[in-house]
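Please look through the model shown below with its helices in mind, and consider how they are shaped and how they pack against one another.

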Amino acid sequence: MNKETDDPTASLLPADGQLQVYTRRWYVLTMFGMVNFTQNLVWNTWGPITQSAKAVFGWSDSQIGQFANMGNIAYLVTVFPVCYLMGKLGLRFSILGCTLLIFIGTGLRCITYEKEAATWLSYVCSVLNGIGGIVPFAGPSLVANTWFPLSERATATAVSSTFMYMGVGLSFIIGSEWVPSPLEVNSTGDVGFTADIESISRLSSSNSDTAMYTSNHSVKVINMDSMRTDIMNLLYSECGLAGLIFLLCLLYLPAKPSTPPSTSASVQRTNYKESLGSVARNKSLILLGLANAIPKGVFGSWQAVLDVLLDPVGMNQSEAGWLGFYMTAAGGVSGLLIGRFSDIFLRRTKFFLILMNGGAVLGYVWFSLMSSAIIPISKVEIYISAIIGGMFINGSFPLVYEMGSELAFPVSEAVVGGLLTCFMEIFGIFFLLVLMIPNIGTSWMNWSLSGSLLLGFVLLFLFPARYRRTDIDNVVVHVNAEDKYDDSVNRNTITGHPARYDE
């Protein structure tokens, strides 16, 4: 609590001059995290069960990739209008709207398994889920700043991101373990997992329990009905989870505490139109956005088709699912640890970002060398390199939210999160659109990821790190020599009036 009347930021505090932290902040963070978890679980429904979905619905690799891409495109088109509504309506109604869209989208997928209808309903679900992901994806730093004090802010952002990683990671396990891979019987009577799933998918539109194709031999998929049933049960369960989260948020989810937890939380943010102009002129924020978006946008889409990427190196659907889980789980753990370190060692966020992105470069260059057979392939080393890369790239994401909010303050954290994630979606969309090129293969995807990580790593060195929001919370009113803005700009920042940052 702060009761000093000579504090130059006293005018920013509530009338009684108090700051207060509420225990219910952890409930709000948990509910926000569960929305994030559910949205990512739904977004990655089809990637972990690619082989089964191709057999049951007759889809191609590129078509399955476009389900994830439609969510990205819907996000990109609607992100800034939704961020505007987030500022107008507050967290409660914004989160309720997003969870309702996710619930409706997952419900539509449960209507039928007939191929043509199921295809279109899955596209609609992807669009609704993409729009529903804007608040949970762009809002972690906003929730952290609204409910948490300075000493817990980066940790809270990391917790939100960990729920996101859990959604993606568990989707690999749930999908690959719940839905079996296509099981084939060839003309000699041998039974095994199919290796020519593209041929089978062309004949899978029938509702029979088997599918058969003839090349130099005949292959019969003997578990078509069980795959179809398990896929629908998976869709039902995701719809049920989305409905439960919507109901819980409807019953109780406060928009903000009655008393702010920090000085910066009480600072009036610039209005929406001025915020857009401010972030567009903020070269440091743009550089950070590109350094984050180029590798992470590619990585998110790369991970969505992990099953496709690992098939050429001899890893089946279940193995790909477990690897995806380990990658995201490692990222969640590392994100929590680095977030906590960032709270303890204030003003070191950029250093942690450089360190973690450098580790991701090494991990995925190693992975790409093996997947291209430039160095000997080892399944153990495939696991190690992918997990190391996932640990570093996923773990750095919470710090990007916090660094961006520091650079743009007093612009709303929602606008900053929207901008950063918008950049990510653009690069993710381009990556998945390339899949539509006929016979392009998969080896380019791994090298694209490695190249994007290296470029992002270089860009991290180019922007000057400034911690405007942290300085306000630490009652720093004198600008040191490293800060390249004068006292008048600092006073504007403190009082919440819009300031121009053109560097």
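The paragraphs that follow take up one bent helix and then three helix pairs.

This is a predicted model, and a helix whose span does not match its length is a useful place to begin. Helix α3, which covers residues 61-109, has 49 residues, yet its end C-alpha atoms are only 19 Å apart, short of the 72 Å that a straight helix would reach at 1.5 Å a residue. In α3 there is also a kink of about 125 degrees, and this kink is centred on Gly 90.

Further along the chain, helix α7 (residues 153-178) takes part in two of the pairs. With helix α17 (residues 397-408), the axis of α7 comes within 8 Å and crosses at roughly 135 degrees, and the two helices are therefore oblique to each other. The crossing in which α7 passes α17 is right-handed. On the α7 side the contact involves Arg 153, Ala 154, Thr 157, Ala 158, Ser 161, Met 164 and Tyr 165, which meet Phe 397, Pro 398, Tyr 401, Glu 402 and Glu 406 in α17. Sorted by class, the residues of this contact are seven nonpolar, two polar and three charged.

The other partner of α7 is helix α9 (residues 224-251), where the axes come within 9 Å and cross at roughly 145 degrees. Here Ile 174, Gly 175 and Trp 178 of α7 make the contact with Asp 230, Asn 233, Leu 234 and Ser 237 of α9. This contact of α7 with α9 has three nonpolar, three polar and one charged residues.

The remaining pair joins helix α15 (residues 349-371) to helix α16 (residues 379-395), whose axes come within 8 Å and cross at roughly 150 degrees. Because angles over 145 degrees count as roughly antiparallel, α15 is roughly antiparallel to α16. In this case α15 passes α16 in a left-handed crossing. Among the residues in contact are Met 356, Trp 366, Phe 367 and Met 370 in α15, and Ile 382, Ile 388, Met 391 and Phe 392 in α16. The contact of α15 with α16 comprises 13 nonpolar, six polar and one charged residues.

Terms used: Residues numbered from 1 in each chain as written. Predicted model: local features only at pLDDT ≥ 70, side-chain atom pairs only at ≥ 80, totals over all residues. Heavy atoms only, no water. Axes fitted to C-alpha atoms, helices over the stretch in contact; angles between N-to-C directions. Helix = DSSP H or I, 4+ residues; strand = E, 2+ residues; numbered from the N terminus. Parallel < 35°, antiparallel > 145°, perpendicular 65-115°, else oblique. Left-handed = near helix turned anticlockwise from the far one by under 90°. Contact = heavy atoms within 4.5 Å. Nonpolar A, V, L, I, M, F, W, Y, C, P; charged D, E, K, R; others polar. Expected span 1.5 Å × (residues − 1). Bend = angle between axes of the 7 residues up to and from the residue.
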